[in-house]
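Biologist: Can you walk me through some of the charged contacts and a bit of the sheet in this one? Put the structure up and we can start.

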Amino acid sequence: MKILILGAGQVGGTLAENLANEANDITVIDSDSARLRELQDRLDIRTMHGRASYPTVLRQAGAEDADMVIAVTNSDETNMVACQVSKLLYKTPTTICRVRANAYLAKSELFYRRDMDKDLDSLRGFPIDVLISPEHLVTKHITRLIEYPGTLQVLEFSKGLVRLVAIRATKGGPLVGHELSYLRTHMPKIDTRVAAIFRKDRAIMPQGDTVIEDGDEVFFIAASDHIRSVMSELQPLSKPYKRIFICGGGNIGYRLANTLESRYQVKILERDHDRCVMLSERLRKTVVLEGNAADKDILLEENIENTDVFCAVTNDDEANIMASLLAKRLGARKVLTLINNPDYVDLIQGGDIDVAISPQQTTIGSLLTHVRRGDVVNVHSLRRGAAEAIEAIAHGDHRSSKVVGKRLDGINLPPGTTIGAIVRHNEVLIAHDHIRVQPDDHVILFLVDKTRIRDVEKLFQVGLTFF
């Protein structure tokens, strides 16, 4: 595919790296020439220096024959106008736009997909095919971590029917120290599949005789109703969370408090007075506090030692890290920390900070969903981009498809790839060798080797039928 990426920041750069490694024709546009040089030194891509919304810049970058424009600059306005220019002047088939400001997102009538057959006068709103809000995605991600105490990542497929969960195996879990095959005898009525195990950052493809060790990062897939039962096998089941403390009242903090306040006791700490006033007016049950999260006295006054989850979601990585370390030291049960700089994520997760959340990786998965070939409806980036989970729909028949009609053990999967589950007519089928893929099945795959993405895509592309 020929793809224009507008914006060379963390998301744009990470996306360019993902797509360039998959042999796409990538051009990145940005006004920061130093950042473009850095990307070009590392990646096999084209770069264009200039303002991404200018028609001349887009044309010089190749918008006239681009398959897709992905606008992820730091300016919502630039992103929206660039998509409009691309669609209006250059008939770009797919435009994807990142919008952060809730002032825009709250007005859905602003965004329309333009019918290319109508007169230009009929154009209403911004012709954006896919609208992505990082704050919305991060809020959903954190909410799922709170709903399932003890998890590192919780991903949804097929409208929530199936979930893929990452969890740290710890002593006290019945399966720890046993072979995976023990799970079936111990829980005969619960069907699940372990998709991958990461042990000291090394991927292990699980077999029936694979022994789960203390400290393993285990990815398992199961129907949503069975998630907690499987979790209890890998670590002592944590008590449900009740008290949530949010540090930072920006877009993410506000969204998170608004989502959680009906089910949990929520406090939010914000240092800006005017923002505190706005939060207190808009939130119904949340306790709004004004102050600095690095102030030990404030945390002690608010009984931080009784807090179940401390979420640091300000725009400042260093402030988030320091506030989280302080909260953990003072007795907070679990600490979730928003980290924008990807270099920090591996450094801090797993110590005093329980889960480091990367907005870039959360956003990348959503973007990749629309770039993958074949009928791919869900993509999740895992382990800071090292692995990937995909939901693909099988089409065709046994003559035109490489998967339809075949038993799962007869599908030629690329190395490092496992099929975790199939969703068929809203029924969840955990992957077992004897199951045959049928047309319109939603197949959920896990890849520990992202260089094999293209091979997986080819499996789900329908070929010519020969008679």
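Biologist: Is Glu38 buried, partly exposed or exposed?

Modeller: Glu38 is partly exposed, at 37% relative accessibility. Bear in mind that this is a predicted model.

Biologist: Which side chain does Glu38 meet in a salt bridge?

Modeller: Arg42, with an N to O distance of 3.9 Å. The cut-off for a salt bridge is 4 Å, so the pair counts. Arg42 is partly exposed too, with a relative accessible area of 45%.

Biologist: Where do Arg42 and Glu38 sit along the chain?

Modeller: Both are in helix α2, which covers residues 33-42. They are 4 residues apart, so about one helical turn separates them.

Biologist: How many salt bridges does the structure hold?

Modeller: The total is 23.

Biologist: What is the closest N and O distance between Arg163 and Glu156?

Modeller: It is 2.4 Å, and the two form a salt bridge. Arg163 is buried, with a relative accessible area of 12%, while Glu156 is partly exposed at 22%.

Biologist: Why is Arg163 called buried?

Modeller: Buried means under 20% relative accessible area, and Arg163 has 12%, so the label applies.

Biologist: Which residue does Asp449 form a salt bridge with?

Modeller: Arg452, where the closest N and O atoms are 3.8 Å apart. Asp449 is partly exposed at 27% relative accessibility, and Arg452 is partly exposed at 30%.

Biologist: Which residues are joined into one network by salt bridges that share partners?

Modeller: Glu17, Arg35, Glu38 and Arg42.

Biologist: Changing topic to the strands. How many residues of β16 are buried?

Modeller: Strand β16 runs over residues 334-338, and 5 of its 5 residues are buried. Lys334, Leu336 and Leu338 point one way, whereas Val335 and Thr337 point the other way.

Biologist: In which sense do β15 and β16 pair, parallel or antiparallel?

Modeller: Parallel, over 4 bridges, with β15 being residues 309-312. Val309 stands opposite Lys334 in β16.

Biologist: What does the chain pass through from β15 to β16?

Modeller: Helix α12, residues 317-329, and this β-α-β crossover is right-handed.

Biologist: And how many bridges are there between β16 and β17?

Modeller: There are 3, and that pairing is parallel as well; β17 takes in residues 355-357.

Biologist: Which residue of β17 is opposite Leu336?

Modeller: Val355 stands opposite Leu336. Leu336 is one of the buried residues of β16.

Methods. Residues are numbered from 1 along each chain as its sequence is written. This is a predicted model: local features need pLDDT of at least 70, side-chain atom pairs count only at pLDDT 80 or more; totals for chains, interfaces and linings use all residues. Side-chain values use heavy atoms; hydrogens and water are left out. Helices (H or I, at least four residues) and strands (E, at least two) are DSSP runs, numbered from the N terminus. Buried means under 20% relative accessible area, exposed over 50%, partly exposed in between (1.4 Å probe, protein chains only). Two strands pair if DSSP finds at least two bridges between them. A crossover is right-handed if, with the strands pointing away from the viewer, the path from the first strand over the helix to the second runs clockwise.
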